Amino acid sequence: MDAAKVTPVVIAGGGLVGALSALLIARHRPDWQIKILEPQPSGPVQDGRTIALAAGTVGLLEREGIWSQLSKTAYPIEHIHVSDRGYAGVTRLHAEEHQVPALGQVIAAADLNLALYDACQAQNNIDWVAGARFSEIKAGRQSSEIIYQQNAGEHSLFARLLVGADGQRSRVREALNIETDQSDYQQEGIITTLTLSQPMAGWAYERFTEHGPVALLPLSEYQASLVWSLPPAAAEEVRHSSDAEFLRRCQRAFGYRAGRFTAVGERLQFPLRMQLAKNNVAHRALLIGNASHALHPIAGQGFNLGVRDAIVLSEVLRHCDDPGSYRVLNNYWQHREADYKRVIGLTDLLVRGFSNTFIPLTLCRNLALLGLDILPPLQQQFARQTMGYVDQLKPVTE
Ligand SMILES: Cc1cc2nc3c(=O)[nH]c(=O)nc-3n(C[C@H](O)[C@H](O)[C@H](O)COP(=O)(O)OP(=O)(O)OC[C@H]3O[C@@H](n4cnc5c(N)ncnc54)[C@H](O)[C@@H]3O)c2cc1C
């Protein structure tokens, strides 16, 4: 294969993590052409979710010049309140105690998708291939053949590295024969918008109940985004209940700490499970974002973990000759493994440890919440994790 015809990096998936990765790599490597294959026929991906961005992620978007477009619609989280329904354990985090203007920001995923799409369009060395769906990879020694569907036809190109950023049901992962480990928590997430009787005043709430966690994120002064985890049958029932019945049940689960819930918007339902790829790197290919790890949204860490995939990948590729070499791919994974273990462990502990009424466990988690509230070093550690700052990310060398 003529080396000039080989694309250095092809990214399957122009979602949040794929588009961000393309942008960071393209900016570090103006000498490379980056291709994104995205099935959406035109424009950015449509996504009805609201997501909480950790302060570390916001810092990155600021540095990359993307935040100014988003800051108009983002809402800051200035305080976080974590509690256990029916028990005394409570912990609170305040931005001013950690010398930051906000612990995180809440935005519509659609706004972030649009901002990243615009930035990719403005970047000369990114080729966004709209309406293109990755289907196969044929491994070669110096490059691999990437096959994709577009306009009802089959096309192919050659790449040194294929990055699978094609989400939880990743076709790239399947084509590479990479299996997954799954933890089914037997919970479904109900997502909607609530109107409240009192101002949110920058507070985000995470409340653990015997059925699963309820999270409330500030969207505006009197509106909050709700993520309510329930057993599948109960989730189905509340999703189809009348607005009045929904508000009554939700208020009973959450309590009155944020005031009265007065109206509810359209309800979406998602299965909540953890899915982890057994391998993240393969011959001239790797998986990032949800293709590699889909987490329960309890700790709001899924996208933030994907952001750090993008940062490390772009750092590892900054000075290399062959982006698909084993040395580069191993280097990437060595810099990611510890962060994965930490975030996955924390998320799993929160889901399992807090959805349980076993008395010694209830006691332990309440003591843990009280400990977090009282002991500054513990809280500092928790806050750093919540804000998405991970120490081991800084030095990435080949
Ligand atoms: C209810 C809920 C709430 C959440 N809240 C938070 C939060 O508060 N904070 C947080 O950090 N995270 C949160 N997350 C997680 C976050 O949404 C995901 O981590 C994030 O969307 C992952 O982005 P991604 O780009 O990896 O995957 P996706 O967003 O799924 O994007 C995948 C892309 O691949 C494309 N694609 C699919 N198939 C192909 C193919 N064959 N070829 C090419 N492209 C393809 C799709 O069109 C899409 O553009 C939440 C998740 C859920 C379910």
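How many helices and strands are there in the protein? The protein has 11 helices and 20 strands, both taken as DSSP runs numbered from the N terminus (helices H or I, at least four residues; strands E, at least two). The model is predicted, so that local features need pLDDT of at least 70 and side-chain atom pairs count only at pLDDT 80 or more, whereas totals for chains, interfaces and linings use all residues. Residues are numbered from 1 along each chain as its sequence is written.

Of the 398 residues, 46% are buried, that is, have 20 or more other C-beta atoms within 10 Å of their own, with C-beta atoms placed from the backbone. Among contacts with a separation of 6 or more, 75% join residues 24 or more positions apart; a contact requires C-beta atoms within 7 Å.

The largest nonpolar core (buried Ala, Val, Leu, Ile, Met, Phe, Trp, Tyr and Cys residues joined through C-beta atoms within 7 Å) comprises 98 residues, of which Ala22, Leu116, Cys120, Leu162 and Leu216 touch the most other members. Helix 1 (residues 16-28) makes the greatest contribution to this core, with 9 residues. Beyond its neighbours within four places in sequence, Cys120 contacts Ala19, Ala22, Leu23, Ile36, Ile126 and Trp128.

The ligand is surrounded by 34 residues, each with its C-beta atom within 6 Å of the ligand. The closest are Gly13, Gly15, Gly167, Gly289 and Gly302. Elements giving two or more residues to this shell include helix 1, strand 2 (34-38) and strand 9 (133-138), while helix 8 gives the most, with 4 residues.

Notes: Buried ≥ 20, exposed ≤ 12 C-beta atoms within 10 Å, placed from the backbone. Contact = placed C-beta atoms within 7 Å.
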